[in-house]
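Biologist: I should like to understand how the terms applied to this structure are justified. Please take me through them one at a time.

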Amino acid sequence: MIQALFQEKLQVLNVGLSSFADSIAMAGGSALQIEWAPPAQGQAEVGRDLARLINLSAVETANQTAFDAYQSAQPVLRGIGIAGQVIPNMADRMILHSGPPIAWRDMCGPMRGAIVGAILYEGWAENLAKAEAMASGGEIAFEPCHHHNAVGPMAGIISPSMPVWMVTNTINGNQAFSNFNEGLGKALRFGANGPDVITRLKWMGQVLAPALRTGVELLGGMDLKPMMAQALHMGDEVHNRNAAASSLFLKRFISALLKAHIPAADVSTVVEFIAGNDHFFLNLSMAACKAMLDSAHGVPGSSMVTAMARNGVEFGIRVSGTGNRWFTAEAPLVDGLFFPGYTTADAAPDLGDSAITETAGVGGFAMAASPAIVKFVGGTPQDAIDNTMTMTHITIGRNNAFTLPSLNFAGSPAGIDIRKVVDTGIQPIINTGIAHREAGIGQIGAGITRAPLACFTQAVSALANTIVDG
Amino acid sequence: MATAAKVLRNFYRDSVSLMQLSSTFAKLPGVEQASAVMASPNNIRLLRDAGLLTESVDASANDLLISLQGNAGALESALAAAESALKQPPSSSENGLSRGIPPRSIEMGLGNMVGANLVLISTPGEYAASEAFKALSLGLNVMLFSDNVELKDEIALKRFAQSRDLIVMGPDCGTAIINGIPLAFANVVRHGVIGVVGASGTGLQQVTCLADRWGGGISQAIGTGGHDLHRDVGGISMLQGLKALAADPSTSVIVLISKPPSPEVAGRVLEAAEGAGKPVVANFLGADPALVRRGNVFAATTLEDAAAAAVALAEGRNPDDAKPKCTPISIPSGLSPGQQYIRGLYSGGTFCYEATLLLKKELGQVFSNTPVDPGDRLHDVWTSRAHTVVDLGDDLFTRGRPHPMIDHRLRNERLIKEATDPETAVILLDVVLGHGSHADPAGEIVPVVQKARDLAGKAGRDLVIVGFVCGTAGDPQNLARQEMALREAGVILAESNAQAVRMATAVAVRAGAVGGRL
């Protein structure tokens, strides 16, 4: 009853001329000014699609279903496999890469370098020139990791004989895969493909993978979610800082390794390798996030983002209710700090599947847990808290497994809602490394970037088209 | 390009801090590139490769190395500044939770104001319907001040609102008073028992201000927007407002204001009014009172009559005896023979329309940009002919400028133009006070009135300027002060638009008669 309004205290949200809010306040009323700007970057038609989706019961219900599936997921490290044998639909001459689909001719330098390296690693060609000719000659199929339940940081290259983490969400049985982290410096994921890189990859396949496989078997698997949660309490956000999580992994793993009847020299190199890489856990964190989010994917009507990924040229997102379609925009540059001797001019645009962590409510979304990270953009611990709190305005809920001490143990904001992103103009924040734009040089810095709004505006219209009025 | 380096022994900083410091040092005057690193052999090699380090340094991984590249003259002081920055204790940061950000959407605003029950929207028209739709979807009533909203959107919004028992006031709703709070362009009126529903913003302002002036008070004033009684909209908001006021125990008299609705909508509204269970005064500008009058429904032909009838009914008096009396006007003797026409320069659209109706009845043809009869359209809106009244708030005039209630320049220019026209006998003005309007309209008008009179005087003519102030003692501009300033400048003030029009008519009739004799 409109008459009910007459019995209440009038409380006004003012959208537009701020003097109207002032007048209401002057007359003793209550008004809150909205800092309004035309949504969807001023595209009125998208704005209409958005308006239709706001608080629509079909979307709200679908989001609850998707979010519950994400929230209840239990990612468990079940084993180590060979990509060509365990990753679904992985063909013989296929190489997986990060981000949305992209053709060889359009790929950025680091991705091309990494693909050439993978061809050499596979032994499909004997030198760089032949490998490049093979890649450009259409002899190899390139597909996104995400099309195969997989994720990979930076170039995200996975070729058939590479070892991969196998993570299972034990609640609904879906699997997720990721490659192994090679450490900092010259690495395939940054496009390096020299002999030392290939030698290390071989060692990872021949020594590291079997050792990890045996260890994980002896442990009977490893619950990843509690480990991530614990790392959040130890200053990681499990995207750009994995120091604590990598240590926790090694602590769990080392006793199994010692029982595994592996030659002592190998045990030593394996331990050294893991201990020497603060990002060792990153790929596990990513696979766990992928497993959680895939269980939320494919709910008709849901506006929850289930993947954000970059291929160094384009930034792409996928949304639960719009199937396997990607919504892409130009990959942004990263605002951050550079290693000595490098500047923004050397940086490749945003690259890698690692934004799966932000999509799952950790990484930049859990920055409050990791004040050390905010320094990459000259911020303070307060900024870290503010960044996390800002993300609460574009998410469906809080992940009650990922609690944040500095927010009185409130859950991390999770489940990005495309509607809220477009309506508020608040872009999802992403902590990320910065790759050199040329292949093989490696990481040159780290910082913060934001998912481009254009991805979300396209997704809003696409979702609106899936929902029939009624 | 020179380089300089400095080693700080046993001085540890983590790598992120160092990267941050490096970027700070690079901004020091005269510095091109800067680096602060722990002096491991690897880092030293990197610096040499980057050309940042040319001298030999004796340092280990436990030492911090600052190296700079830039103007030779600037490096020494830059190194000192860098070192002192490094040794400064970190600034203390705020504790506690987030500083928060201002709400950027209606939904976000609802998070900050959980009890919100109305959204006031004044965005550009192309976005306004979407914002209104969001508000309704979130269970909030809407006042849509924005104009240029398509009729099909208005219909969709109002039907959606109706299905959720919410109301959309507008689009193009300039005025409302809900629970005593003035919204958008509204006046500060006494609280009372008169509830108003109006399709016209200035109509609502006139009725509420006159009721206030004559001792009445307002319970609620609900705007519907100008198109609500269009056949295709069907008066949804007016019917909702009427129903709410009928059920409201604090309201004992209801006033309805609109241009004449389409016959079927009028039928529906009057039927609902008849069932309101309390007296209703209906002012359908230009409608035949006989078709309106029935049972508890009283017909008012002007906004002034509507206000007077409502005050009478609220006091238990007979509204038919409550016609306001017109103050007689003394016609100045200095009008020249050719001065015979009225020029009405309105900022309020409904005032202009009401004036046109009243003048036509007395004087025949009256030209306007918003004519009652299409044949009376003023084709060149910038030039008056014969009796002319213009709505300066019309899009034709306001394109690219603020509304004349806020910005008086356009009307002031026109006022001078009319004053120099030897055929102008009377200039007719409305002055609207209240929230949203100009902070001191009299201050804007008075100098121009003086100039206009001077110009006419120099040409040997007298000039009559008649006006009225739509406002209250409680308005921020203060009614009494505004009226005093205008009177002192020689503006003849009436209490209402209708009275001002009658005064102007009296002058024009007399002038015309005199002119006719000559």
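Modeller: Chain B is divided into domain 1 (2–87), domain 2 (173–321) and domain 3 (341–517), with bounds from an automatic or database domain assignment. This is a predicted model, in which local features need pLDDT of at least 70 and side-chain atom pairs count only at pLDDT 80 or more, while totals for chains, interfaces and linings use all residues. Residues are numbered from 1 along each chain as its sequence is written, chains are lettered from A in the order in which they are written, and side-chain values use heavy atoms, without hydrogens and water.

Biologist: What separates the centres of domain 1 of chain B and domain 3 of chain B?

Modeller: The separation is 75 Å, taken over C-alpha atoms.

Biologist: Why is the meeting of Asp153(B) and Arg48(A) called a salt bridge?

Modeller: A salt bridge requires a side-chain nitrogen of Lys or Arg within 4 Å of a carboxyl oxygen of Asp or Glu. The N to O distance between Asp153(B) and Arg48(A) is 2.5 Å, so the pair satisfies the rule. Across the interface of chain A and chain B, the rule finds 2 salt bridges.

Biologist: How do you know that chain A and chain B are in contact?

Modeller: Contact means heavy atoms within 4.5 Å. By that criterion, 70 residues of chain A are in contact with 76 residues of chain B.

Biologist: What area is buried between chain A and chain B?

Modeller: Buried area is the accessible area (1.4 Å probe) that two parts lose on being put together, summed over both. Here the value is about 6,100 Å², and carbon and sulfur atoms give 64% of it.
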